[in-house]
Amino acid sequence: MKYENTRHNAGFIAIDSLSENLGVSLNTKKFKAQCKVCELFGEKVILMKPETFMNLSGESIKEAMTFYKIPPERVIILFDDISLPVGKIRIRRSGSHGGQNGMKNIINICKSDKFPRIKIGIGQKPNDEWDLADWVISKFNKEERETVDGIIKNVESALNLIIKGDIEKAMNRYN
């Protein structure tokens, strides 16, 4: 896959790690996504990796929300953030898209900004010679990828807290 393991796929990297740790495969094709209903931290969840273009992932999210009757407050979005250094995460209860086009699409299509989210830092483009689109679809170098892999355990711990209803604790611990 052309964009696999790129900065723009930081959320997918986290989902892949999580599904591997759970011993589940996102082998169901539904809602324009690879998905799997499973148990996570004692709760029934659906893990999803939209197969639409990243910037159109709201289509996939909306279909699943409608089918399962899930309110935005119960949908946790994992995505890349260029404003954060590689290896940092930031958790938000809700809010604007912050310039991230995939999140913008989710908010517009789902008509809500009440999605809890975990932003995964991919670093700012190193200089003005880089086009932003080229930067986000570039691959992590070896050290950066090791750093991203290292923070995935924090993403999983934050998910645990958010799923259990303690987003404040997750934000205080990991932001």
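This is a short tutorial dialogue on reading helix 5, the nonpolar cores and strand 4 in a predicted model.

Reader: Let's start with helix 5. How many residues does it have, and what span should I expect from them?

Author: A helix rises by a set amount per residue, so its length can be checked against the distance between its ends. Helix 5 covers residues 142-163, which is 22 residues, and at 1.5 Å a residue it should span 32 Å. Its end C-alpha atoms are 32 Å apart, in agreement with that.

Reader: Where does helix 5 bend?

Author: Look at I151, where the bend is about 25°.

Reader: And what should I look for at the two ends of helix 5?

Author: At the N-terminal end, look for a cap. Here N141 does that job, with a side-chain oxygen 3.1 Å from the backbone nitrogen of E143. Past the other end, check the backbone angles: G165 follows helix 5 and has a positive phi, near 90°.

Reader: Which residues of helix 5 are buried?

Author: Among them are V148, I151, I152, V155, L159 and I162, and the list also includes E144 and E156.

Reader: How do I go from buried residues to a core?

Author: In soluble globular proteins, nonpolar side chains tend to be buried together. In this model the largest nonpolar core has 32 residues, and L47, L78, I89, I91, I118, I120 and V155 have the most contacts inside it. Elements giving two or more residues to this core include helix 1 (10-22), strand 3 (43-50), strand 6 (117-121) and helix 5. Helix 5 provides the largest share, nine residues.

Reader: What does I89 touch?

Author: Leaving out residues up to four places away in sequence, its contacts include I118 and I120, I151 and V155, and also Y174.

Reader: Which residues belong to the second, separate core?

Author: That core has 10 residues, including I61, M103, C110 and F115.

Reader: Now a charged residue: is R7 buried or exposed?

Author: Judge it by relative accessibility, where under 20% means buried. R7 is at 3%, so it counts as buried. You will find R7 in the segment before helix 1. Among the residues it touches, not counting those up to four places away in sequence, are D80, W135, F140 and E144.

Reader: Last one: why is strand 4 called largely enclosed?

Author: Count its buried residues. In strand 4 (residues 77-81) five of the five are buried, so the rest of the structure largely encloses it. Then look for its partner: strand 4 pairs with strand 6 in the parallel sense, over five bridges. Within that pairing, F79 stands opposite K119 of strand 6.

Conventions:
Residues numbered from 1 in each chain as written. Predicted model: local features only at pLDDT ≥ 70, side-chain atom pairs only at ≥ 80, totals over all residues. Heavy atoms only, no water. Helix = DSSP H or I, 4+ residues; strand = E, 2+ residues; numbered from the N terminus. Expected span 1.5 Å × (residues − 1). Bend = angle between axes of the 7 residues up to and from the residue. Buried < 20%, exposed > 50% of the residue type's maximum accessible area, 1.4 Å probe, protein only. Polar contact = N/O pair within 3.5 Å; in protein donor to acceptor, adjacent residues only side chain to side chain. Core = buried A, V, L, I, M, F, W, Y, C linked by side-chain atoms within 4.5 Å. Contact = heavy atoms within 4.5 Å. Pairing = 2+ DSSP bridges.
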